[in-house]
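Q: Please take a close look at one helix-to-helix packing contact in this predicted model. I should like a connected account of the contact itself and of the core to which it relates.

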Amino acid sequence: MSIQELPAQELPAQELHPAPGADSPGEAAHADARDAEGLSVWPRSARPEPHGDVSVGGVSLAEAADRFGTPVYVLDEQEVRERCRTYRTAFPDADIVYAAKAFLCRAMAHWVQEEGLGLDVCSAGELALAVTTGFPPEKIVMHGNAKSPEDLRTALRLGVGRIVVDSASEIARLAAITPAGTRQPVMVRVVPGIAAGGHAKVRTGTDDQKFGLSLTDGSAQHAVTRILDQPHLELVGLHCHIGSQVAAVKPYVAAVRRMVGLLARIRDQHGIALPQLNIGGGHAIAYRPGEEHLNISVLAGRVRAELEDGCARAGLPVPRLTLEPGRAIVGPAGVAVYRVLAVKRTGAHTFVAVDGGMSDNPRPALYGVRYAPRLVGRPSCAPPRLVTVVGRHCEAGDVLADEVALPGDVRPGDLLAVPAAGAYHLSMASGYNLVGRPPVVAVSGGIARVLVRRESLDDMSRRDVGL
């Protein structure tokens, strides 16, 4: 393994793999082999190596841990790129917009731009990072249920392609600060009344949560009327996002049906056919072997058919579709590597404590997400034992993986690797206990390079300016 500071475009691209879950004999055979090796939820480049190690992108995880320290996020660049291409192939006539909230850094912005995707941001910070990296602002969508004045001013100043209006108050605020002589393209975020998602806290398509404007109580239609009365705002379409970790196609089909109905009512009331429809993201990935993921090829066929048939029945032109995948692009590409600090047996429970925890992955504490950690870096023939992998933080809820099978001889100094760690780990990381956030290391073709360096005590101390 070698470390090189190479720009992303200098790395050789690999040919596109079929979409995960695609009905392809080659993909099925590859999936069977990965299942047998216990790597079904790992990046497709993951390979078992001698002495119990695993490599990703041709890079030994044990060697990466020694070189970069732990905890460390290892991100397979080619997996990210291939997943971008999977979406482009499945939806050739749509705009694919990567949801930056899942994970964003300068290299990630470069990768998705080079693969032909747009970007979905939720703050002035995400927007500024993308644009200063060279991302075209016209291919950026600005989201957020409570955008600050600074968020809106930055979006207007940098010229984002679309702003998604999420509340009635935002309409007047945005219209008031849009420069004279310009028209800002906007979309209305509609709550379609569909419950979908892997946990109650990530279901965003119903009226009992904070996002969007209701279809059932008329708020969405009222927002459309208000926007059309604003000379500085240009209504270009509708947006909806039904939730996260959605594994079934049916809720998306239902959402498209309801959105087409609203497009028809807008046409009848205002005499306009909106040209764009954004159906969000939330596409599920598998975190543990055997879990379901959303089949992107099936989604594309069903959504396209429903949109075309619905528009034909309503006498509407087919709007240009937009999708916003985030987790489904970067989640399966990441692996988090930790070092075991302690093994403690308390009654019937065995706790394996590692050098990270809820500061670098709060999702188990927030949503009860379950992972499948694996011992790497040494072989073991010990029978498996059910253990709870916990973090180093001063919280009883600091649990990374509850009741998982690991070799019975796990001991301090061992390495544990957690797959499906590319999304909502670093982006949700905190400064709890001042342990510092881990680095992100990209791997591809046997080369590893740091994308985001480890946060140091000096980094954190510089913000503490009072005495």
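A: In this predicted model, helix α9 (residues 250-270) packs against helix α10 (residues 296-314) at an angle of about 25 degrees, and their axes lie 9 Å apart. Because angles under 35 degrees count as roughly parallel, α9 is described as roughly parallel to α10. The crossing of α9 over α10 is right-handed.

On the α9 side, the contact is made by Tyr252, Val253, Val256, Arg257, Val260, Ala264 and Arg267. An α-helix has 3.6 residues a turn, so residues three or four places apart point the same way. On the α10 side, the contributors are Leu299, Arg302, Val303, Glu306, Leu307, Gly310, Cys311 and Ala314. By class, the residues of this contact divide into ten nonpolar, one polar and four charged.

The nonpolar core gives the wider setting. The largest such core has 109 residues, and the members that touch the most others are Phe91, Tyr98, Met108 and Leu238. Helix α9 supplies the largest share of this core, with eleven residues. In soluble globular proteins, nonpolar side chains tend to be buried together.

Phe91 leads back to α10. Leaving aside its neighbours within four places in sequence, Phe91 is in contact with Ile96, Ile296, Leu299, Ala300, Arg304, Leu321 and Leu323. Leu299 is also one of the α10 residues that take part in the contact with α9. A second core, separate from the largest one, has 23 residues and includes Ala62, Ala65, Val72 and Ala417.

Met108, named above among the core members with the most contacts to other members, belongs to another helix pair. Here the axes of helix α3 (residues 77-90) and helix α4 (residues 106-114) come within 9 Å and cross at roughly 35 degrees. This crossing, too, is right-handed. From α3, Glu77, Val80, Arg81 and Cys84 meet Met108, Trp111, Val112 and Glu114 of α4. The residues of the α3 and α4 contact comprise five nonpolar, no polar and three charged.

A further helix, α6 (residues 149-158), has Asp151, Leu152, Thr154, Ala155 and Leu156 as its buried residues. These buried residues pack against the helices α5 (124-133) and α7 (168-177), and against the strands β8 (140-142), β9 (162-165) and β10 (184-191). Just after α6, Gly159 takes a positive phi of about 80 degrees.

Notes. Residues numbered from 1 in each chain as written. Predicted model: local features only at pLDDT ≥ 70, side-chain atom pairs only at ≥ 80, totals over all residues. Heavy atoms only, no water. Core = buried A, V, L, I, M, F, W, Y, C linked by side-chain atoms within 4.5 Å. Buried < 20%, exposed > 50% of the residue type's maximum accessible area, 1.4 Å probe, protein only. Helix = DSSP H or I, 4+ residues; strand = E, 2+ residues; numbered from the N terminus. Contact = heavy atoms within 4.5 Å. Axes fitted to C-alpha atoms, helices over the stretch in contact; angles between N-to-C directions. Parallel < 35°, antiparallel > 145°, perpendicular 65-115°, else oblique. Left-handed = near helix turned anticlockwise from the far one by under 90°. Nonpolar A, V, L, I, M, F, W, Y, C, P; charged D, E, K, R; others polar.
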